[in-house]
Amino acid sequence: MAPVLPLVLPLQPRIRLAQGLWLLSWLLVLVGGLTLLCSGHLLVQVWHLGTFLAPSCPFSALPQVALAASAVALGTGLVGSGASRASLDAEQYPPWRGVLGPLLVAGTAGGGGLLVLALGLALALPGTLDTGLEEGLGSALAHYKDTEVPGRCQAKRLLDELQLRHHCCGRHGYKDWFGIQWVSNRYLDPNDHDVVDRIQSNVEGLYLIDGVPFSCCNPHSPRPCLQSQLSDPHAHPLFDPRQPNLNLWSQGCHEVLLGHLQGLASTLGNMLAVTFLLQTLVLLGLRYLQTALEGLGGVIDGGGEAQGYLFPAGLKDMLKTAWLQGVGPHRPAPGESPPEEPPKEGLPEA
């Protein structure tokens, strides 16, 4: 049975392979560490912005899987650097002979599987952010006024911090605040005729105004921020309602957060692709180096040429051997007489 993808490795190519693997393994450690940092950063961002994502949005699975995959890639790089360095010394390599095979299998199945899964999530999950942010931000705006409702006490503070930090207003723009009641009932005077008229004129009994919270104000505006009566052209003579961005943030939080999170996911996806490529090269190189050294008894400068390979036999032969081993005892075909049983010796009489 011929080995799969054999490669003849004389002495000098074996040494260059071990030295190149050492450098490549440390490069994998560097890239794996950077991917680990990108995964952790995205996980922290998702944790901070989790209030504005729908509970059903699966986007948080991406940084979690990427975190595990990058940790395995980091470990693979450390193992590869140690094994390739030890292979250059006949006294240091013997301890690696018993563990390098299982480590290669674990790195290929576990690390490769996690990286492929993380890459798939990096391509698929950013598309779910649009719906998740649409639902999450809508719920956050609706509960902005519920400062005394258990479980919703922090909704106002979190949304104000979001608008101030990310320079956004509303879900898709500042006019989103016109369609919801964002002023708490505790701050409304029930004896005020204007308040009573606004509540009674609404079908749902809400107090709606053409104003926005203070966190929508742009501190870089050259004029004082106008928060109320934004749709009335006569309320503010010096204010041009056609240019609200002079006073308020012009972008909605949906657009800002969508671009922010998708940008982080795109960067993480690129890092995962580079990590996957480097890990594949390191594992392949370690496998060729391991099989070549096994043919030389673990001595890299042994005499003669060594042959490295991926598998000791072809895929067809390996499957055939596994099938024959798993079939069990031979069953006679139809028309074939069963093998004769040997005569049993008589039992001695008691």
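Reader: Where is Gln229 found, and what makes that a loop between helices?

Author: Gln229 sits in the loop between α7 and α8. The helix names come from DSSP runs numbered from the N terminus (helices are H or I with at least four residues, strands are E with at least two). This is a predicted model, where local features need pLDDT of at least 70 and side-chain atom pairs count only at pLDDT 80 or more, while totals for chains, interfaces and linings use all residues. Residues are numbered from 1 along each chain as its sequence is written, and side-chain values use heavy atoms, with hydrogens and water left out.

Reader: Why is Gln229 called partly exposed?

Author: Buried means under 20% relative accessible area, exposed means over 50%, and partly exposed is in between (1.4 Å probe, protein chains only). Gln229 has 39%, so it is partly exposed.

Reader: What makes the phi of Gln229 worth a remark?

Author: Gln229 is not a glycine, yet its phi is positive, about 50°. Most residues other than glycine have a negative phi. His167 is another such case, with phi near 55°. His167 belongs to the loop between α6 and α7, and with a relative accessible area of 38% it counts as partly exposed.

Reader: Why is the pair of Tyr144 and Trp182 called edge-to-face?

Author: Rings of Phe, Tyr and Trp (its six-membered ring) pair if their centres lie within 6.5 Å; planes under 30 degrees apart are stacked, over 60 edge-to-face, and the rest tilted. Here the centres are 6.4 Å apart and the planes are at 70°, so both tests are met and the pair is edge-to-face. It links distant parts of the chain, 38 residues apart: Tyr144 is in the loop between α5 (129–142) and α6 (155–166), and Trp182 is in the loop between α6 and α7 (193–201).

Reader: How do you know whether Tyr144 and Trp182 are buried or exposed?

Author: Compare each value with the cut-offs above. Tyr144 comes out at 2%, so it is buried, and Trp182 at 15% is buried as well. Together with Trp177, these two residues form one aromatic cluster.

Reader: What makes Tyr174 and Phe178 a pair, and of which kind?

Author: Their ring centres are 5.8 Å apart and their planes are at 85°, so this pair is edge-to-face too. Tyr174 is buried because its relative accessible area is 14%, and Phe178 is buried at 19%. The structure holds 4 aromatic pairs.

Reader: How do you know that the span of helix α4 is close to what is expected?

Author: The expected span is 1.5 Å times one less than the number of residues. Helix α4 (residues 100–124) has 25 residues, which gives 36 Å, and it reaches 35 Å from its first C-alpha to its last.

Reader: What is the angle of the kink in α4, and where is it centred?

Author: It is about 25° and centred on Gly107. The bend at a residue is the angle between axes fitted to the seven residues ending there and the seven starting there. Gly107 is one of the buried residues of α4, a list that also includes Leu115.

Reader: How far is Leu115 from Leu277, and why is Leu277 called exposed?

Author: C-alpha to C-alpha, the two are 10.0 Å apart in space, with their positions 162 residues apart in sequence. Leu277 lies in helix α8 (residues 253–294). Its relative accessible area is 52%, so it is exposed.
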